[in-house]
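Dear colleague,

I am handing over the structure below, and after it you will find some notes on what was found. Please read them with the model open beside you.

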Amino acid sequence: MKALIAGAGVGGLTAAIALRARGVEVEVFEAAPESRTSGGGLGIACNATKALTALGIDLPSAGVGRVCERFTLRTARGRLMRELPIRSIATELGSPVVNLRRSDLVTLLRDKAGDTPIHYGAEVVGYGRGDNGVSVTCADGRTATGDLLVGADGIRSAIRASTIGRDPINEYGYVCWIATVAFEHSRLPPGGAAHYWGRGQRFGLIDIGGGHVYWWGTKNVPVERARRWTGTKHDILRCYEGWAREVGEVISRTPEADIVSVPAQDRTFADSWGDGPVTLLGDAAHPMLTSLSQGAGSAIEDGYTLAYHLAHADDVVVGLRRYEDARRERTRWLVSASRRLSRTEQIEHPVAVGLRDLVLRYAPASAVRGQNIAPMRWDPPQDRARQTRKSRADKEITR
Ligand SMILES: Cc1cc2nc3c(=O)[nH]c(=O)nc-3n(C[C@H](O)[C@H](O)[C@H](O)COP(=O)(O)OP(=O)(O)OC[C@H]3O[C@@H](n4cnc5c(N)ncnc54)[C@H](O)[C@@H]3O)c2cc1C
């Protein structure tokens, strides 16, 4: 069986590794001229580190990023509002949250993909279906054929447009700035992550190891301005005047050219992601707002689950539909929960902000823990032989 994958981002590369591990031949087409070297950082939550471990990728021992040990929520001025029980959550779920540079994750996945052909500068512009599967055409005229096609080509997916149509992108009227930089601060202990919540504006400062941090900032602005942010570093610094000292310091320390701006966007959840031998994954299938930090995590889950269902079906099309069915409920929930959280986070009215912060400070620990752990509760589907072995072992233990 041969799979064609459009997109060598986190989702496409994970799918390539998972499919190769199941004996499927893979060819990847990536529009960018080379592997990604920029793009800030990512938090890879317990659910996704579990999927990576199942693929033989143990982030902590691979020496990239930093296991998250402490997660604090603070006011804009830096006062502690809440400490989230990140360590006990990781212990309960049996896998860590790892914060890292996006480019380090992409490089690690690309290396793990081994000799899988990955064609850079290969923008897929269309596909055709025939008796023998599916063929793709790239902007430079290159073509390839396979038994199935996976659109892992991000929020503006060309494969999605051809498969389920051109649905509009939803915009939420805020901009996100992201960067990584060498920075250390006493408020950010090793393995620390601190989120600062203001009015219509937030900031995140996250240790990614090696004396470096990943930071992100958000601010409510008109939709058009979020889409085409043309401000300078000085403009960003002005937005954070009066905030905790470390916020201004880390922005000042960052070279202006290293700050990337992204508008807050997602799409209305689509019930169907596939057609015949074609399917979608990651942002191409279910783009979500960043609030739950689960976009890349759910793309990793998708890649793992896709390979699992293809391996367990006698027919490609049946395997793809089973994969989509397996992913629908969870990803629909992640998209809508991200939207709900984003609304609370970006609140601007001072009374509403006061109420939000009060709730955050005094909500029962069990409720806060429950909310934080929910998106991370996911286990990779297990092969039947392993399941049987596990249930036999469980029975032995009970006896
Ligand atoms: C500010 C911000 C912070 C975030 N933080 C987190 C976080 O902490 N944790 C988390 O889990 N997620 C986070 N996310 C979400 C995460 O970045 C995405 O969900 C994730 O990158 C999706 O992976 P993907 O592989 O589906 O798509 P992408 O990463 O977008 O990759 C798609 C790839 O396809 C390529 N491509 C596009 N079109 C074509 C084409 N026609 N042909 C061939 N190739 C093509 C692109 O060049 C790209 O390499 C964040 C997102 C943002 C914007």
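Around the ligand there is a shell of 33 residues, of which Gly7, Gly9, Gly154, Gly282 and Gly295 come nearest (a residue counts as near a molecule if its C-beta atom, placed from the backbone, lies within 6 Å of it). The elements that each give two or more residues to this shell are α1, β2 (25-30), β3 (41-44), β13 (169-182) and α10, and α10 gives the most, with 4 residues. By class, the shell divides into 17 nonpolar, 12 polar and 4 charged residues, where Ala, Val, Leu, Ile, Met, Phe, Trp, Tyr, Cys and Pro count as nonpolar, Asp, Glu, Lys and Arg as charged, and the others, Gly among them, as polar.

Please keep in mind that this is a predicted model, in which local features need pLDDT of at least 70 and side-chain atom pairs count only at pLDDT 80 or more, whereas totals for chains, interfaces and linings use all residues. Residues are numbered from 1 along each chain as its sequence is written.

Two helix packings involve α1. The axes of α1 (residues 10-21) and α10 (residues 295-311) come within 8 Å and cross at roughly 25°, which makes α1 roughly parallel to α10 (angles under 35 degrees count as such). Their crossing is right-handed, that is, the near helix is turned clockwise from the far one by less than a right angle. Among the residues that make this contact are Val10, Gly11 and Thr14 of α1 and Ala296, Ala299 and Ile300 of α10 (contact requires C-beta atoms, placed from the backbone, within 7 Å), and by class the contact has 11 nonpolar, 3 polar and 1 charged residues.

Helix α5 (residues 102-112) also packs with α1, at an angle of about 25° and with the axes 9 Å apart, and these two helices are therefore roughly parallel to each other. Here, however, α1 passes α5 in a left-handed crossing (the near helix turned anticlockwise from the far one by less than a right angle). Val10, Leu13, Thr14 and Ile17 of α1 meet Leu105, Val106, Leu109, Arg110 and Lys112 of α5.

Finally, asparagine 99, found in strand β7 (residues 98-101), is buried, with 26 other C-beta atoms within 10 Å (20 or more are needed to count as buried). Leaving aside neighbours within four places in sequence, asparagine 99 is in contact with residues including Gly41, Gly43, Arg66, Asp207 and Tyr214.

With best wishes

Notes: Axes fitted to C-alpha atoms, helices over the stretch in contact; angles between N-to-C directions. Parallel < 35°, antiparallel > 145°, perpendicular 65-115°, else oblique. Contact = placed C-beta atoms within 7 Å. Buried ≥ 20, exposed ≤ 12 C-beta atoms within 10 Å, placed from the backbone.
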